[in-house]
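Colleague: I would be grateful for a close look at one part of this model, followed by an account of the parts around which a bench reader might orient themselves. Please take a single helix as the point of departure.

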Amino acid sequence: MAASEQAAAPRTSAQGPTGLPTLRAIAVGLVLAVLMGLVVQQVALVYNAGEIESSVPPVPAVMCLVVLATIINPLLRRVRLRWQLSRAELLTIYAMLVLSVAVSGRFFTRNLLAFITVPVYYHHLEEIGKELPEQWVPQDEAAVVAFYESSRDGSVPWAVWLRPLTTWTAFLLVTLAGIFCLLELFRERWAEQEHLRFPLLYLPLEISAAGADVRRSFLADRLMWLGFAVGFWYALPVVVSPVWPNFPDWKVTFSPFSSVTGVPWNELRRIYMRPLPHLIGLGYLMSTDNLFTIWATYLLQVFGWVVMGQYGFRRPGWHAGLEFQQARGAIIALTLWLLWSNRRGFSRAVTSADVRTRLRLTGAIAGFLGAVWFVSGAGVPGWMAAALVGMLFSEALVYARMRAETGLPSYYAVPFTFEERDFILDVAGTRRFAGMAGLGVLSRFSIFGWMTTAMFQPMGAYHVENLELARQARMRRASMLWVSLGAVLLGLLIAYATCLDTFYDIGALSAAGAAGTGYYEVQWAQGNYAKMLAMAQSGEGFQTMPNVFRAGGAAIVMLLVLLRSRYVNFPFTPWGFVVASVYGSTFWTSFLITWAAQKIVLRYWGARAHTRAIPFFLGISFGYMFATIAALGVAFSAGKSLSFASGKRLYFDI
């Protein structure tokens, strides 16, 4: 194993007897989940200070773990030793928070609310609104208008929302239960046979270890605090903006080819450079191969379009440049490869004498069929429902494997447009959906489009990581399924309450920096429905070019899998190719910096220095995270809102 891959191996616990999560840990996790829901409400919905709940890992979960391990535990230990939280309890609380907080993210609950209200509120989508099923969408038009424009007294008409939110909650729990069970069938192979590193667990494992002895922990490392200063300094303009709005902002985005004109070199104008401390710091836990693949593949793709432009083939446009189609084909191919590589694990699950193992297989199948049943019940043909659910399961599987192996600190690893719908219509054609009947089918199918925008899939990755935390903390892994599902349910209930409370108070048209046009996910939903209307009227058949790129993406990743299996030092990875195809434009600068830093450290100082530098780089991310809390503290103490006149905003949502 390469030194860069060994460096992020976290401190582990000795094997021993396992136990269930304590009621105390569950109670503390529940209270903190509610409190963090209120914090997210202020940060993301009211102040628009940054998507702290959408970071990987979520900022509130990390900060709560730090406070519990370094402040609360020492106080409890002084009062009475047995009152302090054990490491297993700290990790249980963290496992609850990562899921409950992530559920409140911009591309989860807020996107759900946008997709089920936009066709009812906007008159140009009235035809679609008439086709939507009652049990999935609020039917009271006045209540939807108040959602966007605020109500007189700010009260939430819960009677209107009870039925659709109950339906969505049941559907999500069934679907996630199936995904969680499927991923549990892979956990043993990934963790115990392939020895995947789960790099993102380094941070919670090290912080939780501080609960025993802060002075010898990661948090006492001077290099960590040096990195912390770097990350905090980068975010300083946001921290001081409430009291000094004109403070210079050095968080710049540099476009080196902005002045380039003329075909084909104008393709280079797409390249921009924006270093992000969150990605640079946590990216240090990734292997050099994955970091190299992401930035190099993205640049190769851009220059590929330059070459194709020279021969008259023009790139269709941003988010339509066929890179997403490449990623879709790659994800399908990697799913088939993962299923095939674990075929013996499935066989053992069928014949296993262990009841829990058989239940996992049963749960995966039941979850898949149950999700298909729900989608079909919304008025979607069975074949379309099965195709959608199959792609959601495949994305969750590939993303979870990607996180386990690479530690990608972002949820943007699968196409974040409704590529699932585009894939189905590009293959089956839109002719069969002509007329009002076809429009009705596409309308009902499109309400599930919010699930494809890259926040639903990470739930499975968090669950797999929670299983590994349970192993490290000597907890019974079988109980983690219920902890994860309970955290999702808790997060949904909190998110429903905070989102609806905010929107009925100040209106979705003005919330979160919407400036009268609706918050970002509202605009996203409008664009998706508008595109669906256009596709329904196109009357086209099989689309050759997008499907050629999907087939090409599948062929490329399978070639990379083959080359990686035969040549240990082959530099390109299939996982990095997928990430570069989805959001390489933002990742490449940060990962180039981190890759160069790793190479320099390994080249001149060796593997031991590479390991020693981990606290410094994690400190960069940690300082950037803490800057959000500091900014809010300054804003509240000064009685002012955060200033974004100069674009002063912390980016965690990528």
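**Helix 4 and other local features**

Modeller: Helix 4 is mostly covered, with 15 of its 16 residues buried. The model is a predicted one. Helix 4 comprises residues 87-102, and its end C-alpha atoms lie 22 Å apart; this agrees with the 22 Å that its 16 residues should span at 1.5 Å a residue.

Helix 5, residues 109-121, may be described in the same terms. Its 13 residues reach 18 Å from the first C-alpha to the last, close to the 18 Å expected at 1.5 Å a residue. Helix 5 is likewise mostly covered, and 13 of its 13 residues are buried. Helix 5 also bends by about 25 degrees at Phe 115, and a proline, Pro 119, follows within four residues.

The loops contain several backbone features. In the loop between helix 2 (23-46) and helix 3 (59-79) lies Pro 57. A cis peptide bond joins this proline to Val 56, with omega at about -5 degrees. A cis peptide bond also joins Val 263 and Pro 264, where omega is about 5 degrees. Pro 264 has its place in the loop between helix 11 and helix 12.

That loop, between helix 11 (236-240) and helix 12 (277-283), also holds Thr 253. Thr 253 counts as partly exposed because its relative accessibility is 42%, and the partly exposed class runs between 20% and 50%. Leaving aside residues up to four places away in sequence, Thr 253 touches Tyr 272, Met 273 and Arg 274. Phe 374 is 121 residues from Thr 253 along the chain, and their C-alpha atoms are separated by 44 Å.

Two residues other than glycine have a positive phi: Ser 150, near 80 degrees, and Phe 198, near 45 degrees. Ser 150 is found in the loop between helix 7 (141-149) and helix 8 (158-193), while Phe 198 lies in the loop between helix 8 and helix 9 (202-209). What is the relative accessible area of Ser 150? The value is 28%, so Ser 150 is partly exposed. Phe 198, by contrast, is buried, with a relative accessible area of 1%.

Further along the chain, helix 18 (residues 419-428) and helix 22 (residues 520-536) pack at an angle of about 5 degrees, their axes 12 Å apart. Helix 18 is therefore roughly parallel to helix 22, as angles under 35 degrees are classed in that way. From helix 18, Arg 421, Asp 422 and Leu 425 meet Asn 528, Lys 531, Met 532 and Met 535 of helix 22. The contact of helix 18 with helix 22 has 3 nonpolar, 1 polar and 3 charged residues. As background, residues three or four places apart in an α-helix point the same way, because there are 3.6 residues a turn.

The account closes with Gly 576, which lies in helix 24 (residues 574-604). Gly 576 counts as buried because its relative accessibility is 0%. Apart from residues up to four places away in sequence, Gly 576 touches Asn 290, Thr 293 and Ile 294. Tyr 311 is 265 residues away from Gly 576 in sequence, and the two are 28 Å apart in space, C-alpha to C-alpha.

Notes. Residues are numbered from 1 along each chain as its sequence is written. This is a predicted model: local features need pLDDT of at least 70, side-chain atom pairs count only at pLDDT 80 or more; totals for chains, interfaces and linings use all residues. Side-chain values use heavy atoms; hydrogens and water are left out. Axes are lines fitted to C-alpha atoms, for helices over the stretch in contact, and angles run from 0 to 180 degrees between N-to-C directions. Helices (H or I, at least four residues) and strands (E, at least two) are DSSP runs, numbered from the N terminus. Angles under 35 degrees count as roughly parallel, over 145 as roughly antiparallel, 65 to 115 as roughly perpendicular and the rest as oblique. Contact means heavy atoms within 4.5 Å. Ala, Val, Leu, Ile, Met, Phe, Trp, Tyr, Cys and Pro count as nonpolar, Asp, Glu, Lys and Arg as charged, and the others, Gly among them, as polar. The expected span of a helix is 1.5 Å times one less than its number of residues. The bend at a residue is the angle between axes fitted to the seven residues ending there and the seven starting there. Buried means under 20% relative accessible area, exposed over 50%, partly exposed in between (1.4 Å probe, protein chains only).
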